[in-house]
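Please open the structure in a viewer and keep the selection panel at hand. The stops below are meant to be followed in order.

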Amino acid sequence: MSAKRLVLALALTLAMACPALAADTLMMATTTSTQDSGLLDYMAPIFLKATGIELKWVAVGTGKALEHGKNCDVDVLMVHAPKAEKELIDSGALVDRRQFMYNDFVLVGPAGDPAGVKGKTAAEALKLISEKKAPFVSRGDDSGTHKAEQGLWKAVDLPLPDKESWYISAGQGMMATLAMAGERGGYCLVDRGTYISYEAKAKGKPALVILVEGDKKLANQYSVMMANPEKCPKVKKDLAKKFLDYWVSPEAQKAIADYKLEGKQLFFPNAGK
Amino acid sequence: MDFILEGLVTAVRLLAGLDPETFSAVWATLAVSGLSLTATLLLGIPLGFALGYFQFPGKRVVRTLVETSLSLPTVVIGLVVYAFLSRRGPLGDLGLLFTVSGMAIGLTILGLPIVLAITATAVEGLEERLRFTLLTLGANKRQVALASLWEARFAVLLGAITAFGRIVSEVGIAMMVGGNIKWHTRTITTAVALETNKGEFGQGIALGCVLMVIALVVNLAAGFFRRRAKP
């Protein structure tokens with residue numbers, strides 16, 4: 001076992017020193033949720049086997065990922081901010097968008113539920129939180145989750161509570177934001193995958209529990225798309241097309257459905273639906 | 001609190017078990033800091049020496065600028081380097097974004113002011129009489145310069161060690177310019193940032209320990225050179 005690992009470690013060292021030996025590579029900008037949930041680590045070798053392409057990715061907030069796409073820093077994107085994506089498709093910065101999977105957001109909060117939102121719809125819950133001035137912790141970082149949260153406030157005709165005393169704009173990743181909500185006894189919008197990881201880490205005693213779920217407005221659509229070859233001449237057009245075709249293929253869709261975190265399915269394939 | 005203990009145990013396990021991801025991060029850290037430290041020293045020592053040794057108009061302005069750049073926030077350096085290396089930027093065609101070389105450029109910008117300032121100060125602090133003593137002994141200008149630099153070697157070595165410390169522990173530039181790509185540009189520090197973001201605090205501590213082991217080895221080597229260089 002030890003000798004095998006030594007060989008693997010050495011092989012990796014050599015592999016990193018000889019980039020020319022690598023297979024075709026494709027550069028992707030994606031969000032933290034696809035990486036932190038383990039989905040990409042699980043899919044990357046499957047993708048390599050199916051297409052012969054080595055996928056390299058930077059996992060940043062959706063806002064930054066879209067910027068990278070606009071600036072031609074990457075070939076393809078995998079993000080979950082449909083409105084922002086459509087704007088960039090319309091402006092021609094990105095092309096060939098394909099919806100391929102979704103999961104959902106859940107509203108979590110302290111078990112005591114001071115604002116009494118349990119079982120309500122997302123809209124009613126936010127109204128109650130706003131009325132009762134219950135602490136609410138936001139990602140505040142222009143990520144897909146943050147954009148979804150802002151969309152929810154708008155959907156219930158509430159002004160964005162940025163300046164309110166009970167609204168906490170964390171400006172951090174999902175786990176850190178959840179930790180903050182746990183500490184402050186506040187409510188938070190989180191993608192189910194990260195919540196499952198959070199719950200598992202809390203070893204059966206999470207400070208936050210799911211209070212609102214299943215609302216249509218909480219659906220979280222993921223799509224893949226590529227940088228526009230007309231605006232970004234260096235984009236690997238053919239590899240990008242293979243990438244886009246792959247994620248909506250039956251093989252990939254099945255692999256996504258098979259991926260489980262802590263025994264629960266995380267992402268739901270929905271290409272062509 | 002228990003994650004600190006968990007982290008220490010995990011550190012030993014990762015190193016002894018030759019965990020591939022950890023060693024990939026170790027390699028990336030060594031490659032990036034090796035490249036940038038080399039560039040920093042090759043540029044910084046001669047330029048720092050010149051800054052301290054020679055008199056020239058605007059010397060005080062340059063010194064002030066160098067010392068002010070010691071306070072450059074790493075995320076700002078990262079942003080500026082990104083702006084230059086991005087495909088839309090002036091150096092975009094070099095394809096250096098999200099590569100080890102790109103990160104090394106950013107880290108060199110970080111380490112250079114340190115070596116410049118410390119070398120210049122060390123050289124300026126040399127005794128005035130040293131120059132005259134060497135000249136009376138028959139040294140030419142180049143020999144005087146080299147001998148002066150040699151006299152300042154301990155301070156210069158400290159400058160190198162400080163620059164190394166700053167470079168190897170850096171996160172902002174490595175993240176922004178490197179992208180934290182697994183197996184490629186994920187260094188130990190960016191891996192720690194990722195693990196902490198994921199809530200894997202024990203893993204974060206473990207990787208931090210691994211980094212300290214590397215730093216210890218480097219500083220032991222530096223100590224060896226220091227003893228050998230003693231008069």
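Select I188(B) and display its surroundings: leaving out residues up to four places away in sequence, this residue touches A25(B), V26(B), T29(B), L207(B), V210(B), L211(B) and I214(B). The model is a predicted one. I188(B) also belongs to the largest nonpolar core, which has 60 residues. Colour L66(A), L77(A), F98(B) and V177(B) as well, since together with I188(B) they are the residues with the most contacts inside that core. Apart from this core lies another, of 35 residues; V76(A), M78(A), L239(A) and I256(A) are among them.

**Chain B as a whole**

Now show chain B as a cartoon. How many helices and strands does its secondary structure contain? The count comes to 11 helices and zero strands, and reading along the sequence gives the pattern α-α-α-α-α-α-α-α-α-α-α. The C-alpha trace of chain B spans about 65 × 45 × 30 Å along its principal axes. Colour the chain by accessibility next: 46% of its 231 residues count as buried. If a contact map is at hand, take the contacts in chain B with a separation of 6 or more; residues 24 or more positions apart account for 74% of them.

**Cavities**

Turn on a display of internal voids. Rolling a probe the size of a water molecule over the atoms shows where empty space is left. The structure holds two cavities of 30 Å³ or more.

Begin with the largest cavity, in which about 60 Å³ of space lies. To outline it, select T29(B), V32(B), S33(B), M103(B), L107(B), I167(B), V168(B), E170(B), A174(B), T187(B) and T189(B). T29(B), part of this lining, is also one of the residues that I188(B) touches. Which helices each supply at least two residues of the lining? They are α2 (20-53), α5 (100-124) and α8 (153-168) of chain B, and α2(B) gives the most, with three residues. By character, the lining divides into six nonpolar, four polar and one charged.

Move on to the second largest cavity, with a volume of about 30 Å³. Its lining is formed by S69(B), L70(B), L110(B), I114(B) and R166(B), which divide into three nonpolar, one polar and one charged.

**The contact between the chains**

Show both chains and select the residues of each that take part in the contact: 27 residues come from chain B and 29 residues from chain A. The size of an interface is often given as the accessible area lost when the parts come together. Here chain B and chain A bury about 2,500 Å² between them, with 59% of it on carbon and sulfur atoms. Display W27(B), R87(B) and R88(B) as sticks: these supply 22% of the area that chain B buries against chain A, more than any other three residues.

**M27(A)**

Select M27(A), found in strand β1 (residues 24-30) of chain A. Is this residue buried or exposed? Its relative accessible area is 11%, under the 20% limit, so M27(A) counts as buried. Setting aside neighbours within four places in sequence, M27(A) is in contact with K56(A), W57(A), V58(A), D73(A), V74(A), D75(A) and V76(A), and also with F98(B) and I181(B) from the other chain. Of these partners, F98(B) was coloured at the core containing 60 residues, while V76(A) was named in the core of 35 residues. For a distance check, pick the C-alpha atoms of M27(A) and A176(A): they are 27 Å apart in space, and the two residues are 149 apart in sequence.

**The second largest pocket**

Switch to a display of open pockets and choose the second largest, which holds about 790 Å³ of space. It is lined by 34 residues, and T32(A), A59(A), V60(A), G61(A) and N197(B) lie nearest its centre. Two or more residues each come from α2 (32-36), α4 (62-70), α7 (144-155) and α8 (174-184) of chain A, and from α4 (74-85), α9 (172-178) and α10 (188-197) of chain B. The element that gives the most is α2(A), with four residues. The lining divides into nine nonpolar, 19 polar and six charged residues.

**S197(A)**

For the last stop, select S197(A) in helix α9 (residues 192-201) of chain A. With a relative accessible area of 13%, S197(A) is buried. Its contacts, not counting residues up to four places away in sequence, are M175(A) and L261(A).

Definitions and conventions: Residues numbered from 1 in each chain as written. Chains lettered and ligands numbered in written order. Predicted model: local features only at pLDDT ≥ 70, side-chain atom pairs only at ≥ 80, totals over all residues. Heavy atoms only, no water. 1 Å grid on protein atoms, 1.4 Å probe; cavity = no way out; pocket = protein on both sides within 12 Å on 5 of 7 lines; lining within 4 Å. Points joined across faces, edges and corners; volume = space filled by probe spheres on them. Nonpolar A, V, L, I, M, F, W, Y, C, P; charged D, E, K, R; others polar. Core = buried A, V, L, I, M, F, W, Y, C linked by side-chain atoms within 4.5 Å. Buried < 20%, exposed > 50% of the residue type's maximum accessible area, 1.4 Å probe, protein only. Contact = heavy atoms within 4.5 Å. Buried area = accessible area lost by both parts, 1.4 Å probe.
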